[in-house]
Amino acid sequence: MELKKIWLSLAQMGGQEQQYIHDAFDKNWIAPLGPNVTGFEQDLKDYLGENCHVTALSAGTAALHLAMVQLGVGLGDEVICQSFTFSASANPIIYQNATPIFVDSEPETWNISPTLLEKAIIDRKIKTGKYPKAIIIVDLYGMPAKMDEITTISSTYNIPLIEDAAEALGSEYKGRKCGTFGEYGVLSFNGNKIITTSGGGALVCKSRERAQQTIFLATQAKENKPYYHHKEIGYNYRLSNICAGIGRGQMKVLPGHLLRRREIHSLYSELLADVKGISVMQCNRRTYNSNYWLTCITVNSELLNITADNIRLHLDSVNIESRLLWKPLHTQPVFESYPAYTDGTSEGLFQIGLCLPSGPSLTNEDIERVVAELKKRIQNHKCQ
Ligand SMILES: *Cc1c(COP(=O)(O)O)cnc(C)c1O
């Protein structure tokens, strides 16, 4: 019998998405902009709560790029970026012909180390005579970064912060929503993220003027004239009205999805509590209320004599998808020539970490099957 496939993180529709799309068809709002776009932006703004403004875009990567553009990042500038992340966090630095400076993580949240961040800032000033132009931090796997320490450093050196919260919609640090901590915040609605628009993202910013500037840049920088008139280079980065319709439907199921991701994390924690050599990644929930986009474990290979990849391969053989952690950017061929301030933390985590299936549609039985197979692989080794 074919075993049911258990995926890492599947998108799950709530039911109302098609309604919004039908509305768009009925009213002939197939053109890029329309009521679903503004409705989705308003929903996000209401959800994030803080004094923020949201612009819906075609991708999280586009949001990062427009943050770079608006901060004036260009040739000759350096931008600090958390190394332990997806390549999309750093690519827009290169789009702007600037230089990425990678900074390692600390072991508690797996996000940027405040100590190494400050060290990097001071050292770049000594080496180049100027401070980096911006700092990109990430809430990896939904876990908020050490915001108090990071925002203090950002204001001490007067370097704007960009919070890449692509994986962290719904996460909170000390009760405040991720995506609202920087000058700019980035959300993603790609297929595998917390909610999806079948591809999309958003830029969160602090004022209406900046949101308007984001829309201006995202719609080809057309000046307000009866003919096409351009004083700046623009981009075609706006979210379509159809995709925004999916987003509006997804906002209705967001609370339920968050609840389920967190339940799944708790269930894994319970089921794996007595398994020596396996730890479930977690932080004190009062400070770091992660959405647990993905539940991650670390494997003590010395104790168990197997690696995270041995477990991944076994799970794969029984139709369960798991994934190794992000490979640190400072070790990627495409980025390894850039300066990096590291202490081995993210490289160490990359060796021992594994993301387990965490999508909201998984049943408790699915999670139990994952854990049973994981235990089987560990036992097998002990018997050999
Ligand atoms: C997914 C992701 C992005 C990019 O978002 P897209 O919408 O896919 O462009 C950026 N940063 C991180 C950390 C991500 O996980």
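Here is a short walk through the structure, selection by selection. Keep in mind that what you have open is a predicted model.

**Stop 1: the two domains.** Colour residues 17–252 as domain 1 and residues 254–383 as domain 2. Put a marker at the C-alpha centre of each domain and you'll find the two markers 26 Å apart. Now pick out the residues that touch across the boundary: domain 1 gives 49 and domain 2 gives 38.

**Stop 2: the surface between them.** The size of an interface is often given as the accessible area lost when the parts come together. Here, domain 1 and domain 2 bury about 3,800 Å² between them, and 65% of that is on carbon and sulfur atoms. Which residues of domain 1 lose the most area to domain 2? Show Phe102, Trp110 and Tyr141 as sticks; those three together make up 22% of what the domain 1 side buries.

**Stop 3: polar links across the boundary.** Hunt for salt bridges between domain 1 and domain 2 and you'll come back with 0. Polar contacts are another story: 26 residue pairs make them across this interface, with both partners at pLDDT 80 or more. To see which elements domain 1 brings to the contact, select α4 (91–95), β3 (99–103), α5 (114–128), β6 (172–173) and α8 (241–272), each of which gives two or more residues. Colour the touching side of domain 1 by class and you get 24 nonpolar, 13 polar and 12 charged residues.

**Stop 4: the ligand.** Next, centre on the ligand and bring up the 15 residues that surround it. The closest are Thr61, Asp164, Glu167, Ser188 and Lys193. Three of them are worth a distance label:

- Thr61: a polar side-chain atom sits 2.5 Å from a ligand oxygen atom.
- Asp164: a polar side-chain atom is 2.7 Å from a nitrogen atom of the ligand.
- Lys193: here a polar side-chain atom lies 3.0 Å from an oxygen atom of the ligand.

**Stop 5: a salt bridge in α5.** The structure as a whole holds 14 salt bridges. For one of your own to look at, select Lys127 and Asp123, which form a salt bridge with their closest N and O atoms 2.6 Å apart. Look along helix α5: Lys127 and Asp123 are 4 residues apart there, so about one helical turn separates them.

Methods:
Residues are numbered from 1 along each chain as its sequence is written. This is a predicted model: local features need pLDDT of at least 70, side-chain atom pairs count only at pLDDT 80 or more; totals for chains, interfaces and linings use all residues. Side-chain values use heavy atoms; hydrogens and water are left out. Domain bounds come from an automatic or database domain assignment. Contact means heavy atoms within 4.5 Å. Buried area is the accessible area (1.4 Å probe) that two parts lose on being put together, summed over both. A salt bridge is a side-chain nitrogen of Lys or Arg within 4 Å of a carboxyl oxygen of Asp or Glu. A polar contact is a pair of N or O atoms within 3.5 Å; within protein, one must be able to donate a hydrogen and the other to accept it, and residues adjacent in sequence count only if both atoms are side-chain atoms. Ala, Val, Leu, Ile, Met, Phe, Trp, Tyr, Cys and Pro count as nonpolar, Asp, Glu, Lys and Arg as charged, and the others, Gly among them, as polar. A residue is near a molecule or strand if one of its heavy atoms lies within 4 Å of it.
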